[in-house]
Amino acid sequence: MPALVNYSGDDDFYSGGPFCSGDSGIVLSIGSHVDIFCPPRKRARISGPLVVGGSVFEDKRPSIDILPDECLFEIFRHLAGGRERSASACVSKRWLTVLSGVRSAEFYRSKAPRGQSNDMNVDPASNNTESISADEDLEVECDGYLTRCVEGKKATDVRLAAIAVCTSSRGGLGKLSIRGSNSIRGVTDLGLSAIARGCPSLRFLSLWNVPSIGDEGVFEIARECHSLEKLDLCQCPSISNKSIVAIAESCPNLTALTIESCPNVGNESLQALGKYCPKLQSITIKDCPLIGDQGVASLLSSASAVLAKVKFQALNISDYSLAVIGHYGKSITSLVLSGLQNVSQKGFWVMGNARGLQTLASLTITSCRGVTDLSLEALGKGYPSLKHMCLRKCCFVSDNGLVAFAKGANSLESLQLEECNRITQTGILNAISNCNSKLKSLTLVKCMGIKDLSPESPMLSPSESLRSLSIRSCPGFGSTSLAMLGKLCPQLHHLDLSGLCGITDTGLLPLLEGCESGLAKVNLSDCMNLTDEVVFALARLHGGTLELLNLDGCQKVTDASLGVLANNCPLLNDLDLSKCSITDSGVAALSRGIQPNLQILSLSGCSMVSNKSITALKKLGRTLVGLNLQHCNSIGSRTIQLLTENLWRCDILS
């Protein structure tokens, strides 16, 4: 035994009863009759275990855990770099909590030896509580900063503390999004405070549906993150005016703010923003019942000359607020007004006649009963720079208001009407004919007042500037109306007639023949009465320019159309044949054509396409990046597997 164990001093074993010396030796009990004493090599700095009746009682808790948090805080301040801090945070949840409480500026800075890096490769994890992994968080480089996004059950205070510790020495966290919260261990002010202390470089913060975060956490953000530029608050009921005022006073670089469904945010917040945020460019306020005319007036009247985008939705504001917008909004280029039930016709009329929105380029109005023919005419005449106009669910606008607006809006390039049911086909055609020479796009969606014209309708002058026409889900739009559009819109490039189940080949053919410059994108989905004749006409008249064709739900389109498309449309790159009457023969015909640009092909719901098409699909797959074979019940799983193996660069849906 002395040869095996080399101790300094005597190598003898000491047997006998329990023995304890004054020099802190170690007594080991081998059996019930033999005790062994091992003399120490040198005097121990830590007292040995207590031996009672041959048993050893030892305090298993590490001595550093006995230290109070204040001592640990001071120790952690002296850690050399990010790697050491990350490794320390992995020890326990307590260490992670203490580390996350150290502000970035409070760490002692020391120069690392040349060639040595302080980058962290380890993410903190709480011991026996919750494991944190960098791979579970979204992390990408963005303008020199890191971006993190935590959602749902992953959104906890522990995870935020880990993010704060990990990113503090890696360029700093630039963007943070918290969406939802863990139902058991949700995000609170503690987690957000850890982010504030560890990430002073934070520029973008988004909080969605985090009811446990209140003013205290946002106070810390305002106190530490003076570089904050964008703040997004949605469904945060615990956040009040105090938080927004603190942000406004401490973050002079704030450029964009969104406040949605925050019931405790009111006029005081908007007043502070107008007073302390000279760089504010965009503001969105939605569903905040405490915000009224006073707040909106204070913001707009004192806002800087750079406020360009304004969105007010579901607010308790009146005509007074719209008058202020019309007078003071000299720098506004984009304005969205939605669900303003207390605003009357007078408010919109005054906003148009105030002549203050001279730079307004985009205007969207949704579900506002104050928009009538009179106010719409004032809006058209009052905004000389207006290029994009969208009206949704404005039930008091009729043909007269639309035509008057079209005549007054001299710079209008895009007009979109959704669910404006008093507008008829006569109003649409007259608006196109009387609109300025700059109108490029017209979109109609679910306008139930549109009915098919009689053949005796008056002739109108065509629009040479219109390039895009979209008429979706307007069931009254028929073949006679299409023929009239063909004469009014000779320069169309994009045509979308999806959901017009009443149109036929006879009505659509004159429109296709009238498009002189060549159609590039055509969407005829759910036009169930169209047949192969329309596809033949498209290939003959526009085959040289056609790039996208959507025939989803056109059940009368057959294999004959595919052969024509294959031989006449060399630029076609997106073809949707979902729920068409296509068989294996049609797929084979398509593969035999010259399709060097075809990248997306959808055969979803084509039940007559079977395993026999595998050869044709492989040939088409040379250029495909997307193939939809969902609900193709005649194609087996083995065929799908073979296609997946061969078309490795193609995303296959099955």
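This passage describes helix packing, a charge over an aromatic ring and the surroundings of one strand residue in a predicted model.

Two packed helices are described by the angle between their axes and the distance between the axes. Helix 1, spanning residues 69-77, and helix 3, spanning residues 93-100, offer a good starting point: their axes come within 9 Å and cross at roughly 65°. Helix 1 and helix 3 are therefore roughly perpendicular to each other, since angles of 65 to 115 degrees fall in that class. The crossing of helix 1 past helix 3 is right-handed. On the side of helix 1, the contact is built from Asp69, Leu72, Phe73 and Phe76, and these meet Arg94, Trp95, Val98 and Leu99 of helix 3. Sorted by class, the residues of this contact comprise 6 nonpolar and 2 charged, with no polar ones.

A second pair is formed by helix 4 (residues 157-167) and helix 5 (residues 189-198), whose axes lie 8 Å apart at an angle of about 5°. Because angles under 35 degrees count as roughly parallel, helix 4 is roughly parallel to helix 5. Helix 4 contributes Asp157, Leu160, Ala161, Ile163 and Ala164 to the contact, while helix 5 supplies Leu190, Gly191, Leu192, Ala194, Ile195 and Gly198. The contact of helix 4 with helix 5 has 8 nonpolar residues, together with 2 polar and 1 charged.

Further along the chain, helix 10 (residues 319-328) packs with helix 11 (residues 345-353) at an angle of about 10°, and their axes are 8 Å apart. Helix 10 is therefore roughly parallel to helix 11. Here the contact brings Asp319, Leu322, Ala323, Ile325 and Gly326 of helix 10 together with Lys346, Gly347, Phe348, Val350 and Met351 of helix 11. Its make-up by class is 6 nonpolar, 2 polar and 2 charged residues.

Attention now turns to aromatic rings. The structure holds 0 aromatic pairs. A ring does, however, take part in another kind of arrangement: the charged end of Arg179 sits over the ring of Trp208, at 4.1 Å from the ring centre.

Among the strands, strand 11 covers residues 282-286 and includes Ser282. Although Ser282 and Leu257 are 25 residues apart along the chain, a distance of 6.4 Å separates their C-alpha atoms. Leu257 is also one of the residues that Ser282 touches, when residues up to four places away in sequence are not counted. The others in that set are Thr255, Ala256, Leu307 and Lys309.

Conventions:
Residues numbered from 1 in each chain as written. Predicted model: local features only at pLDDT ≥ 70, side-chain atom pairs only at ≥ 80, totals over all residues. Heavy atoms only, no water. Axes fitted to C-alpha atoms, helices over the stretch in contact; angles between N-to-C directions. Helix = DSSP H or I, 4+ residues; strand = E, 2+ residues; numbered from the N terminus. Parallel < 35°, antiparallel > 145°, perpendicular 65-115°, else oblique. Left-handed = near helix turned anticlockwise from the far one by under 90°. Contact = heavy atoms within 4.5 Å. Nonpolar A, V, L, I, M, F, W, Y, C, P; charged D, E, K, R; others polar. Phe/Tyr/Trp six-rings, centres within 6.5 Å; stacked < 30°, edge-to-face > 60°. Lys NZ or Arg CZ within 6 Å of the ring centre and 35° of its normal.
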